[in-house]
Amino acid sequence: MFRHLLQAYPLEENFVLLDADTQVFSPFSEVEDALKTHSVVITPHIIQPPENLKSMGLEQSFLQSGIFNTGFLAIKRSKTANAFVDWWTERLEHFSYTDPPRGLYNEQRWIDLVPVYFDHVFQLKHPGYNVAKWNFFERRLTEQNGKYFVNGFPLRFFHFSGFINTTTNSKGHGIIRNYKTLLKDKGHGVQCKEKWSYDYFDDLRPIKEQVRTIYKTNPMARAEIIDPFKESKRTFNRYK
């Protein structure tokens, strides 16, 4: 996505990537300021050590899924950003799926390496960014005169991952209920019933997990099969 945006909008300098299950509540002032002196901005899942055993389990999950959350990323057009986007794109072309024993968690786990590989990377720890189910233990959400605040700071955006299809008694129940209403009004229930195109070959035959596993784990299959969606199960069986 970043590569496309950089090419499609040559006059723009700053770019922000947000997950589809987020809602923005106020301007990203801190991101704008950070991009004046940095090329990449990332947000950690949590910003302080958990104090109780229940929350401590989150630390272990982040050691598998990644320290940083890719529901938000921001870049400034620069040599560093270009290098980051090229590196990340290349890794995701072949290794954007979940396989914890191999150290993979979709596109997200790769971001742990970004502060090491690249300079001018800013870790944004403002509590109003990327408020989500996994960091509620450290973020107190309040409302004043129709505006939301987190630990006294303005709420910038809320990440609803894990909330949409579940019920919760968290302090953010009001904001979650309002978001669910917005989704319903926009036809979310109908859209969720649509078939996902990547679940099928071009001839509409379903792609089984066995086929995906062959393609993921066999470098020769990935090198020789130009368009996997145009192939058949028989083609993949040759690479067992």
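These legends accompany close-up views of a predicted model of one protein chain.

**View 1. The whole chain in outline.**
The protein chain has 240 residues, of which 39% are buried. It contains 10 helices and 11 strands. Its C-alpha atoms fill a box of roughly 60 × 45 × 40 Å along the principal axes. The accessible surface is about 14,800 Å². Carbon and sulfur atoms account for 52% of that surface. Of the contacts with a separation of 6 or more, 66% join residues 24 or more positions apart. The chain carries 32 positive and 27 negative charges. The mean positions of these two sets are 5 Å apart.

**View 2. The open sheet β8-β9-β10.**
Three strands make up this open sheet, and their pairing is antiparallel. The edges are β8 (141–144) and β10 (153–154). Each edge strand has a single partner, so one side of each has no neighbour in the sheet. Strands of a sheet pair through backbone hydrogen bonds. Here β9 (residues 147–150) joins β10 over two bridges, in the antiparallel sense. Look for F149: it stands opposite P154 in β10.

**View 3. An aromatic cluster with Y117 and F118.**
Seen across the structure, there are 21 aromatic pairs. One of them is Y117 with F118, an edge-to-face pair. The ring centres are 6.3 Å apart, and the planes meet at 75°. How do Y117 and F118 rank for exposure: buried or exposed, or in between? Y117 is partly exposed, because its relative accessibility is 48% and the class runs from 20% to 50%. F118 is buried, because its 11% falls under the 20% limit. Both residues belong to one aromatic cluster, together with F84, W87, W88, F95 and W110.

**View 4. The F136 and F158 ring pair.**
A pair of aromatic rings is described by the distance of the centres and the angle of the planes. For F136 and F158, the centres are 5.8 Å apart and the planes stand at 90°, so the pair is edge-to-face. This pair links distant parts of the chain. F136 sits in the loop between β7 (121–123) and β8, while F158 is in strand β11 (residues 157–159). The two are 22 residues apart. Both are buried.

**View 5. R139 and its surroundings.**
R139 lies in the loop between β7 and β8. Is this arginine buried or exposed? R139 is buried, because its relative accessible area is 6%, under the 20% limit. What surrounds R139, apart from neighbours within four places in sequence? Its contacts include P44, H45, I46 and I47. H126, P127, Y129, N130 and V131 are also among them. V150 and N151 are in contact with R139 as well.

**View 6. Y129 in the loop between β7 and β8.**
Y129 is found in the loop between β7 and β8. Y129 is buried, because its relative accessible area of 1% is under 20%. Leaving out residues up to four places away in sequence, Y129 touches P27, F28, S29, E30 and V31, among others. Its partners also include T43, L124, R139, R156 and F157. The contact between Y129 and R139 ties this view to the one before. S232 offers a contrast in position. From Y129 to S232 the distance is 44 Å, C-alpha to C-alpha, and the two are 103 residues apart in sequence.

Technical notes. Residues numbered from 1 in each chain as written. Predicted model: local features only at pLDDT ≥ 70, side-chain atom pairs only at ≥ 80, totals over all residues. Heavy atoms only, no water. Pairing = 2+ DSSP bridges. Helix = DSSP H or I, 4+ residues; strand = E, 2+ residues; numbered from the N terminus. Buried < 20%, exposed > 50% of the residue type's maximum accessible area, 1.4 Å probe, protein only. Contact = heavy atoms within 4.5 Å. Areas by Shrake-Rupley, 256 points an atom, 1.4 Å probe, with all protein chains shown as cover. Lys, Arg positive; Asp, Glu negative; His and termini not counted. Charge placed at Lys NZ, Arg CZ, Asp CG, Glu CD. Phe/Tyr/Trp six-rings, centres within 6.5 Å; stacked < 30°, edge-to-face > 60°.
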